[in-house]
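Student: I'd like to learn how to read a few features off a model. Could you walk me through some?

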Amino acid sequence: MAIAKMSKTRRAADTTGKLYAQAAALPLRLSNASKVEVLMVTSRDTGRWVPPKGWTNKRKSPWSSAKIEAWEEAGAIGAISKTPLGTYVYNKILNDGTAITCRVTLYPMVVQKLSKKWKEKHERTRCWFSPEQAARRVCEPELGAMISSIEARPDWLRKMLKKYASV
């Protein structure tokens, strides 16, 4: 199935059978006890806990789009990997009630700074969780599995955490 770009105007008939591309950041830090923690935000519509995510931008790489979402939705600033942890699929309900299927590519991001002011501060709540807690709070099984697997992180992610962790 081909992945489509989301336009500003859409009709339900236009979305049938299409898969829309999104990019997400998985903001991470090392706690004082050197345990990995995951930063999650609430969605604006349902209040569910989710990683910061949004539409990809054809003028930017997907990991750059994910990094922008981490800033706008969570006030997180840091180093993002070009290597994704994986992908997951979910159904997004648009303002007009249309359901579309989105494939989200998830990029790990080591948070170096949390801003006190950010674009969506008054629309979302952010919170640090252990990977197990974060995995239990998400609705998508594929996403939960990726978050749970952070503890058994590959060498490249472990090195990235140690190199950039400062929060």
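Tutor: Let's take a helix, then the cysteines, then one arginine; bear in mind that this is a predicted model.

Student: How many residues does helix H2 have, and how far does H2 reach from its first C-alpha to its last?

Tutor: A handy check on a helix is its end-to-end span against the ideal rise. H2 covers residues 62–74, so 13 residues at 1.5 Å a residue give an expected 18 Å, and the model's H2 reaches 18 Å, close to that.

Student: Which residues of H2 are buried, and what do they pack against?

Tutor: Ser65, Ala66, Glu69, Ala70, Glu72, Glu73 and Ala74 are buried. The buried residues of H2 pack against six strands' worth of neighbours, namely E2, E3, E5, E6, E8 and E9. Right after H2 comes Gly75, with a positive phi near 70°.

Student: How many disulfides are there in the whole structure?

Tutor: A disulfide is a covalent bond between the sulfur atoms of two cysteines. Here the search of the whole structure turns up 0. As for exposure, Cys127 is partly exposed at 29% relative accessible area, while Cys139 counts as exposed at 52%.

Student: Is Arg124 buried or exposed?

Tutor: Arg124 sits in the loop between E8 and E9. Its relative accessibility is 11%, so Arg124 counts as buried, the cut-off being under 20%.

Student: What does the side chain of Arg124 make a polar contact with?

Tutor: One partner is the side chain of Glu120, at 2.4 Å. A polar atom of the Arg124 side chain also lies 2.9 Å from the backbone oxygen of Thr42. Leaving out residues up to four places away in sequence, Arg124 touches Val41, Thr42, Ser43, Arg44 and Glu73, and Glu73 is one of the buried residues of H2.

Technical notes:
Residues numbered from 1 in each chain as written. Predicted model: local features only at pLDDT ≥ 70, side-chain atom pairs only at ≥ 80, totals over all residues. Heavy atoms only, no water. Helix = DSSP H or I, 4+ residues; strand = E, 2+ residues; numbered from the N terminus. Buried < 20%, exposed > 50% of the residue type's maximum accessible area, 1.4 Å probe, protein only. Contact = heavy atoms within 4.5 Å. Disulfide = S-S within 2.5 Å. Polar contact = N/O pair within 3.5 Å; in protein donor to acceptor, adjacent residues only side chain to side chain.
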